[in-house]
Amino acid sequence: MGFLAFLLLGLIAGAIAKLILPGKQGGGWFVTLLLGVVGAIIGGWIGSAIFGVGINEFWSLSSWLLAIGGAIIVLLIYGLIVGRGSRTRG
(Lines give C-alpha, C1' and ligand atoms only; values in the text may rest on other atoms or scores of the structure.)
Protein backbone atom coordinates (compact mmCIF):
# COMPACT_ATOMS: atom_id res chain seq x y z
CA MET A 1 0.00 0.00 0.00
CA GLY A 2 1.30 3.43 -0.84
CA PHE A 3 2.01 6.16 1.68
CA LEU A 4 -0.94 8.37 0.67
CA ALA A 5 -3.31 5.40 0.70
CA PHE A 6 -2.08 4.51 4.19
CA LEU A 7 -2.71 8.10 5.35
CA LEU A 8 -6.21 8.01 3.86
CA LEU A 9 -6.86 4.66 5.53
CA GLY A 10 -5.69 6.11 8.86
CA LEU A 11 -7.83 9.23 8.52
CA ILE A 12 -10.99 7.26 7.71
CA ALA A 13 -10.27 4.60 10.36
CA GLY A 14 -9.72 7.31 12.98
CA ALA A 15 -12.97 9.03 12.02
CA ILE A 16 -14.89 5.74 12.20
CA ALA A 17 -13.33 4.96 15.58
CA LYS A 18 -14.44 8.37 16.86
CA LEU A 19 -17.97 7.64 15.63
CA ILE A 20 -18.03 4.21 17.29
CA LEU A 21 -16.82 5.33 20.72
CA PRO A 22 -19.35 7.22 22.83
CA GLY A 23 -18.60 10.61 24.26
CA LYS A 24 -16.87 13.70 22.95
CA GLN A 25 -13.30 13.23 21.83
CA GLY A 26 -11.23 16.32 21.29
CA GLY A 27 -8.98 17.09 18.41
CA GLY A 28 -9.59 18.04 14.85
CA TRP A 29 -8.84 16.26 11.61
CA PHE A 30 -5.08 16.23 12.23
CA VAL A 31 -5.43 14.47 15.59
CA THR A 32 -7.88 12.06 13.97
CA LEU A 33 -5.32 11.39 11.23
CA LEU A 34 -2.53 10.76 13.74
CA LEU A 35 -4.68 8.49 15.91
CA GLY A 36 -5.89 6.60 12.85
CA VAL A 37 -2.40 6.11 11.40
CA VAL A 38 -0.98 4.98 14.74
CA GLY A 39 -4.04 2.75 15.16
CA ALA A 40 -3.53 1.26 11.71
CA ILE A 41 0.09 0.51 12.54
CA ILE A 42 -0.86 -1.10 15.85
CA GLY A 43 -3.78 -2.95 14.27
CA GLY A 44 -1.54 -4.28 11.51
CA TRP A 45 1.05 -5.39 14.02
CA ILE A 46 -1.54 -7.15 16.20
CA GLY A 47 -3.17 -8.73 13.14
CA SER A 48 0.11 -10.08 11.81
CA ALA A 49 1.17 -11.35 15.24
CA ILE A 50 -2.10 -13.08 16.12
CA PHE A 51 -3.86 -13.87 12.84
CA GLY A 52 -1.01 -13.81 10.34
CA VAL A 53 -2.79 -11.04 8.39
CA GLY A 54 -1.42 -7.55 8.06
CA ILE A 55 -2.45 -4.34 6.36
CA ASN A 56 -1.41 -4.95 2.78
CA GLU A 57 -4.15 -3.73 0.45
CA PHE A 58 -6.32 -0.63 0.65
CA TRP A 59 -9.52 -2.39 -0.45
CA SER A 60 -9.07 -5.43 1.80
CA LEU A 61 -11.72 -5.90 4.50
CA SER A 62 -9.11 -7.23 6.91
CA SER A 63 -7.03 -4.07 6.45
CA TRP A 64 -9.98 -1.88 7.32
CA LEU A 65 -11.04 -3.96 10.32
CA LEU A 66 -7.51 -4.05 11.71
CA ALA A 67 -7.05 -0.30 11.18
CA ILE A 68 -10.38 0.57 12.82
CA GLY A 69 -9.74 -1.82 15.71
CA GLY A 70 -6.28 -0.36 16.26
CA ALA A 71 -7.67 3.18 16.07
CA ILE A 72 -10.27 2.33 18.72
CA ILE A 73 -7.51 1.02 21.00
CA VAL A 74 -5.39 4.14 20.46
CA LEU A 75 -8.41 6.41 20.96
CA LEU A 76 -9.24 4.71 24.26
CA ILE A 77 -5.65 5.16 25.47
CA TYR A 78 -5.64 8.77 24.22
CA GLY A 79 -8.89 9.41 26.12
CA LEU A 80 -7.39 8.04 29.32
CA ILE A 81 -4.29 10.20 29.00
CA VAL A 82 -6.04 13.43 27.98
CA GLY A 83 -8.99 12.83 30.31
CA ARG A 84 -6.75 12.83 33.40
CA GLY A 85 -5.22 16.18 32.57
CA SER A 86 -8.52 17.93 31.94
CA ARG A 87 -10.18 17.07 35.28
CA THR A 88 -10.67 19.94 37.63
CA ARG A 89 -10.00 19.71 41.32
CA GLY A 90 -12.68 20.87 43.61
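**Exercise 1. Decide whether asparagine 56 is buried or exposed in this predicted model, and place it in the chain.**

Step 1. The relative accessible area of asparagine 56 is 55%.
Step 2. A residue counts as exposed over 50%, so asparagine 56 is exposed.
Step 3. Asparagine 56 sits in the loop between H2 and H3.
Step 4. In sequence, asparagine 56 and phenylalanine 6 are 50 residues apart. In space, their C-alpha atoms are 9.6 Å apart.

**Exercise 2. State how many helices and strands the protein chain has, and in what order its elements run.**

Step 1. The count is 3 helices and 0 strands.
Step 2. Read from the N terminus on, the order of the elements is α-α-α.
Step 3. The C-alpha trace spans about 50 × 25 × 20 Å along its principal axes.
Step 4. The chain has 90 residues, and 36% of them count as buried.
Step 5. The chain exposes about 5,900 Å², and 72% of this area is supplied by carbon and sulfur atoms.
Step 6. Take the contacts between residues at least 6 apart in sequence: 60% of them join residues at least 24 apart.

**Exercise 3. Find which elements build the largest nonpolar core, and which of them gives the most.**

Step 1. The largest nonpolar core has 19 residues. Phe6, Leu9, Ile55 and Ala67 are the ones with the most contacts inside it.
Step 2. Two or more residues of this core come from each of helix H1 (3-20), helix H2 (29-50) and helix H3 (61-85).
Step 3. H3 gives the most to this core, with 8 residues.
Step 4. As background, nonpolar side chains in soluble globular proteins tend to be buried together.

**Exercise 4. Classify the aromatic pairs of the structure by the angle between their planes.**

Step 1. A search of the whole structure finds 2 aromatic pairs.
Step 2. Phenylalanine 58 and tryptophan 59 have ring centres 4.9 Å apart, with 90 degrees between the planes. Planes over 60 degrees apart count as edge-to-face, and this pair is edge-to-face.
Step 3. For phenylalanine 58 and tryptophan 64, the ring centres are 5.3 Å apart and the planes are at 75 degrees, so this pair is edge-to-face.
Step 4. Phe58, Trp59 and Trp64 form one aromatic cluster.
Step 5. Now check the burial of each member. Phenylalanine 58 has a relative accessible area of 15% and is buried. Tryptophan 64 has a relative accessible area of 15% and is buried. Tryptophan 59, at 75% relative accessibility, counts as exposed.

**Exercise 5. Determine what threonine 32 and glycine 39 are in contact with, beyond their neighbours in sequence.**

Step 1. Threonine 32 is placed in helix H2, and so is glycine 39.
Step 2. Buried means under 20% relative accessible area. Threonine 32 is at 7% and therefore counts as buried. Glycine 39 is at 0% and therefore counts as buried.
Step 3. Leave aside neighbours within four places in sequence. Threonine 32 is then in contact with Gly10, Leu11, Gly14, Ala15 and Lys18.
Step 4. With residues up to four places away not counted, glycine 39 touches Leu66, Ala67, Gly70, Ala71 and Val74. One of these, Ala67, is also among the residues with the most contacts inside the largest nonpolar core.
Step 5. Glycine 39 and leucine 21 are 18 residues apart in sequence, and their C-alpha atoms are 14 Å apart in space.

**Exercise 6. Identify which residues form a nonpolar patch on the surface.**

Step 1. The patch is made of Ile73, Ile77, Ile81 and Val82.
Step 2. Together these residues have about 350 Å² of accessible area.
Step 3. Take one member, isoleucine 81, which lies in helix H3. Its relative accessible area is 59%, so isoleucine 81 is exposed.

**Exercise 7. Decide whether proline 22 is buried or exposed, and state where it lies.**

Step 1. Proline 22 is found in the loop between H1 and H2.
Step 2. Its relative accessibility is 70%, so proline 22 counts as exposed.
Step 3. Between proline 22 and leucine 76 there is a separation of 54 residues in sequence. From C-alpha to C-alpha, the two are 11 Å apart in space.

Conventions: Residues are numbered from 1 along each chain as its sequence is written. This is a predicted model: local features need pLDDT of at least 70, side-chain atom pairs count only at pLDDT 80 or more; totals for chains, interfaces and linings use all residues. Side-chain values use heavy atoms; hydrogens and water are left out. A nonpolar core is a set of buried Ala, Val, Leu, Ile, Met, Phe, Trp, Tyr and Cys residues joined through side-chain atoms within 4.5 Å. Buried means under 20% relative accessible area, exposed over 50%, partly exposed in between (1.4 Å probe, protein chains only). Helices (H or I, at least four residues) and strands (E, at least two) are DSSP runs, numbered from the N terminus. Rings of Phe, Tyr and Trp (its six-membered ring) pair if their centres lie within 6.5 Å; planes under 30 degrees apart count as stacked, over 60 as edge-to-face and the rest as tilted. Patches are made of residues with over 30% relative accessible area and no salt bridge: like charges are joined within 9 Å, nonpolar side chains (Val, Leu, Ile, Met, Phe, Trp, Tyr) within 5 Å. Accessible areas come from the Shrake-Rupley method with a 1.4 Å probe; for residues, only the protein chains shown count as cover. A salt bridge is a side-chain nitrogen of Lys or Arg within 4 Å of a carboxyl oxygen of Asp or Glu. Contact means heavy atoms within 4.5 Å.
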